[in-house]
Amino acid sequence: MTKNTILISLLSLFLAASISSAQNRNASICRLGFTYDISQSKNWGYQKPVIKNVIPYSSAERAGIRKYDIIEKINGVPVLEIDAEDISKLLNPIGKREVLLSVSNLATPEEQIMVRKDCKKSDAITEDQLAAAYSMYSLETTGEQTFTCPFTTTVTPDSVDFGRFHTFTFSAIDENNRQLETAINESIEKVLTQKGLKVDAERPDLLIQTFYFFDKNPNYVGANRVQVEKEPTYRYDFAHKKMERFPFLSHAAVEAEAEYLLQFGIRIIDQKEIPGRVLWECEANELMEESYRLDEYARVHVPLMCMQYPYAKYGRNVPFKVTRKTYNYTGISYNIDRLEQVVDVDQNSPAYAAGIRANDIIEKIDGHKMGYSAEEFSAAYKRFISSTMKYRDPKTMFTDANGFKYCMEWDVFKYPQIAEEVQEADFLPAFSYLYFFAPYINPSGNNACTFSVKRGKNEFEVIIRPTIRAEVMVEVQ
């Protein structure tokens, strides 16, 4: 294992921020809090910006922007009248902090939403960024993973706007499988209503059908004995809000290696314009090592399958990326060139309420000194990772989104030893407060942090009780 490569994300983060601040220390970086694609789908927002993801806790999320919203106008300008470069400029106008967007989605033909830009000084590093940089403190809560599901998604070749369909119902249930099909339909209804569609059994725009199959593989010849170390299959479980391991073979595996075969599909059929026309269909074909319940499969995978409705990007083998962060938020942004200096404090944050202000010097956090450079903090973090690898659980090993194959969570039986190691002064653990709520960082369970502050000639201590922020972004890549 090349342990040093695990540090790349931390070092790159500090280096990039240092370069940015060196170029223009007084500049600000402003973001609206969402990413978008220029859609190539003839069924959803063709040639318009479609929201790809909304950043948790951002101004866009607070304003009500949702994934897959179509941006129709920017400050009154129709997006089809301008090119992609001008769209980018209009979304980030110089000298203006707010942008008026007209958006449409499955629930609303068009609505206006005012979004305020989130601006930070270019030399500032936020706790959100630091949580990602210090993720090896808490891989249980923070990290990025990718996975691919063996879905085949088929969309009608007709140039029909899915935004014209607002209601749905389900096809008749097979009485021989009532319990199973009821559970499946409940999973689908939950997802579609979250997208803005409504149930209407009388005059539905859409009819939802499902199909499924599960049995032993008649062509099974046994596992591949040459494949000594098989990569485990992880997927995101929306209900449990975490990545979980499943007894599925890779989508690239050979069918003869699977002892069981599972097929599950969702079909969305036009009932409004051309009755019987299949508008959208997603079919999953899994190669499995052991028996698995179809209702459980639907519970986990319906949300993943439906992420490509109404905006489909992939026909086969859909790639997903999951970004998870659960960390302590005080509201402080630090100076990347001088990490003990406060660049900014969010108003209405725990730190602001405790009296922390911009330009304060944080001398210590919970007794740990802050007066070190980014390079010194990085080197100490490297020492911490190397020293504590023996406390990680090999059974939890996974590959993260950067391709590091040896990410492991902490061994639950070694939490006391881990907590002791974290406090070692040689590891410069001041930023471990980001995970102070976790028992492997702070066994006391008291999630309160003591900040030793210097302001001019005055020195004082404040106790900050951070807010635990939980951020999850699941996106089709």
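Author: Let's start with a definition: Ala, Val, Leu, Ile, Met, Phe, Trp, Tyr, Cys and Pro count as nonpolar, Asp, Glu, Lys and Arg as charged, and the others, Gly among them, as polar. Keep in mind, too, that this is a predicted model.

Reader: Okay. How many cavities of 30 Å³ or more does a search of the whole structure find?

Author: Just one. Its volume is about 60 Å³. Around this cavity you'll find D37, K52, Y68, M307, Q308, Y311, K313, E475 and V476.

Reader: And how do the residues of that lining divide?

Author: Using our definition, four are nonpolar, one is polar and four are charged.

Reader: Now the pockets. How much space lies in the second largest pocket?

Author: About 1200 Å³. It is lined by 39 residues, and K67, Q194, F238, P303 and V474 are the closest to its centre. Split by type, the lining has 19 nonpolar, six polar and 14 charged residues.

Reader: Which helices and strands each supply at least two residues of that lining?

Author: Two helices do, α5 (178–194) and α6 (294–305), along with strands β3 (49–54), β14 (233–237), β18 (316–329) and β25 (467–476).

Reader: How should I read a sheet?

Author: Strands of a sheet pair through backbone hydrogen bonds, either parallel or antiparallel. Here, an open sheet of eight strands with mixed pairing runs in the order β12-β11-β13-β16-β17-β10-β18-β25.

Reader: Why is one side of β12 and of β25 left without a neighbour in the sheet?

Author: Because β12 (198–199) and β25 stand at the edges, and each has a single partner strand. In the case of β25, the pairing with β18 is antiparallel, over 10 bridges. Look for K321, which stands opposite E475 of β25. You've met E475 already, in the cavity lining.

Reader: Where do α5 and α6 lie on the strands?

Author: Helix α6 packs on the sheet and touches β10 (143–155), β13, β16, β17 (278–288) and β18, with its direction about 50 degrees from that of β16. Helix α5 lies across β11 (167–170), β12, β13 (206–216) and β16 (260–270), at about 130 degrees to β13.

Reader: Last one: which residues does a disulfide join here?

Author: In general, a disulfide is a covalent bond between the sulfur atoms of two cysteines. This model has one, and it links C30 with C119, at an S to S distance of 2.0 Å. C30 sits in strand β1 (residues 28–31) and C119 in strand β8 (residues 118–121), so the link ties together parts 89 residues apart in sequence. The link of C30 and C119 is right-handed, with 110 degrees about the S-S bond.

Definitions and conventions: Residues are numbered from 1 along each chain as its sequence is written. This is a predicted model: local features need pLDDT of at least 70, side-chain atom pairs count only at pLDDT 80 or more; totals for chains, interfaces and linings use all residues. Side-chain values use heavy atoms; hydrogens and water are left out. On a 1 Å grid over the protein atoms alone, a cavity is a set of points where a 1.4 Å probe fits but cannot get out, and a pocket is an open set with protein on both sides within 12 Å along at least five of seven lines; lining residues have an atom within 4 Å of a point. Grid points are joined across faces, edges and corners, and a volume is the space filled by probe spheres set on the points. Helices (H or I, at least four residues) and strands (E, at least two) are DSSP runs, numbered from the N terminus. Two strands pair if DSSP finds at least two bridges between them. Contact means heavy atoms within 4.5 Å. Axes are lines fitted to C-alpha atoms, for helices over the stretch in contact, and angles run from 0 to 180 degrees between N-to-C directions. A disulfide is a pair of cysteine sulfur atoms within 2.5 Å.
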